[in-house]
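The following paragraphs lead the reader through one protein model. Please consult the sequence and the structure alongside the text.

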Amino acid sequence: MVAGAADAALVLIVCAAAWSDVRSRRIPNRLTVAGLVAALFLRVLLGVVPLQQGVLGAALALGISVVLFALGIIGGGDAKLLVAVGAFLGPAGFIGALAISCVVGAVMAVADAARRGVLLLLLVHLLDVVAFWRAFGRRGQARRLSTPGALTVPFGVAIAVGAIAWRLAKDGLAVTLLEK
């Protein structure tokens, strides 16, 4: 019963965040905080070990999200949504969901760039970013979400797809303590 409520809450939170991100390019704090609180509350009902896994998942997500946000790769709402997803899925589930989210986000970015006719520009900028990272900031240009003309996609959609796809995977890869 609690696992079903957790699945429903996860789907509701990430779908609402995706809708908000598409509509306004913002994910409200009240949504991400509600997601985190709901995940941890549902894990409390399951016991100490599930709660620990939820906290570990949220902590891992926070650590990764802070780095991605600091590098200008994701926005603040995306970072906070990832923390809520980490609390729902635990550390192992979070990593799987994040991997799917990154692939979906990349596909969205390439499709959007192709639609706008700037796919070549996207690839040139990507090479510039790689040069910047490889040279530890001594070569290339640092690009951020705030860079003028930056191509952005509503990554909340990719996070929703990744979280739901990982949670629905029943092939033994999606191990979450919410199922216990």
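**A nonpolar patch and its surroundings**

Helix 5, which spans residues 119-134, gives the most to the nonpolar patch, with four residues. The model is a predicted one, and the patch described here covers about 380 Å² of its surface. The residues that make the patch are V110, L119, L123, L126 and V130.

One of these residues, L123, is found in helix 5. Its relative accessible area is 43%. L123 therefore counts as partly exposed, because that value lies between the 20% limit for buried residues and the 50% limit for exposed ones.

The confidence of the prediction should be considered alongside this description. The protein chain has an average pLDDT of 86, and 85% of the residues score at least 70. Within the chain, confidence is lowest in helix 5, at a mean of 76, whereas helix 2 (residues 29-46) has the highest confidence, at 96. Over residues 171-180 the pLDDT is below 50; this stretch nevertheless has 22 contacts in the model beyond near neighbours in sequence.

A further residue to examine is I64, which is found in helix 3 (residues 48-70). I64 has a relative accessibility of 24% and so counts as partly exposed. Which residues is I64 in contact with, leaving aside its neighbours within four places in sequence? The contacts are with F94, I95 and L98. Of these partners, L98 lies 34 residues from I64 along the chain, and the C-alpha atoms of I64 and L98 are separated by 9.9 Å.

Key: Residues numbered from 1 in each chain as written. Predicted model: local features only at pLDDT ≥ 70, side-chain atom pairs only at ≥ 80, totals over all residues. Heavy atoms only, no water. Patch = residues over 30% accessible without salt bridge, like charges linked within 9 Å, V, L, I, M, F, W, Y side chains within 5 Å. Areas by Shrake-Rupley, 256 points an atom, 1.4 Å probe, with all protein chains shown as cover. Salt bridge = Lys/Arg side-chain N within 4 Å of Asp/Glu carboxyl O. Helix = DSSP H or I, 4+ residues; strand = E, 2+ residues; numbered from the N terminus. Buried < 20%, exposed > 50% of the residue type's maximum accessible area, 1.4 Å probe, protein only. pLDDT = per-residue confidence, 0-100. Contact = heavy atoms within 4.5 Å.
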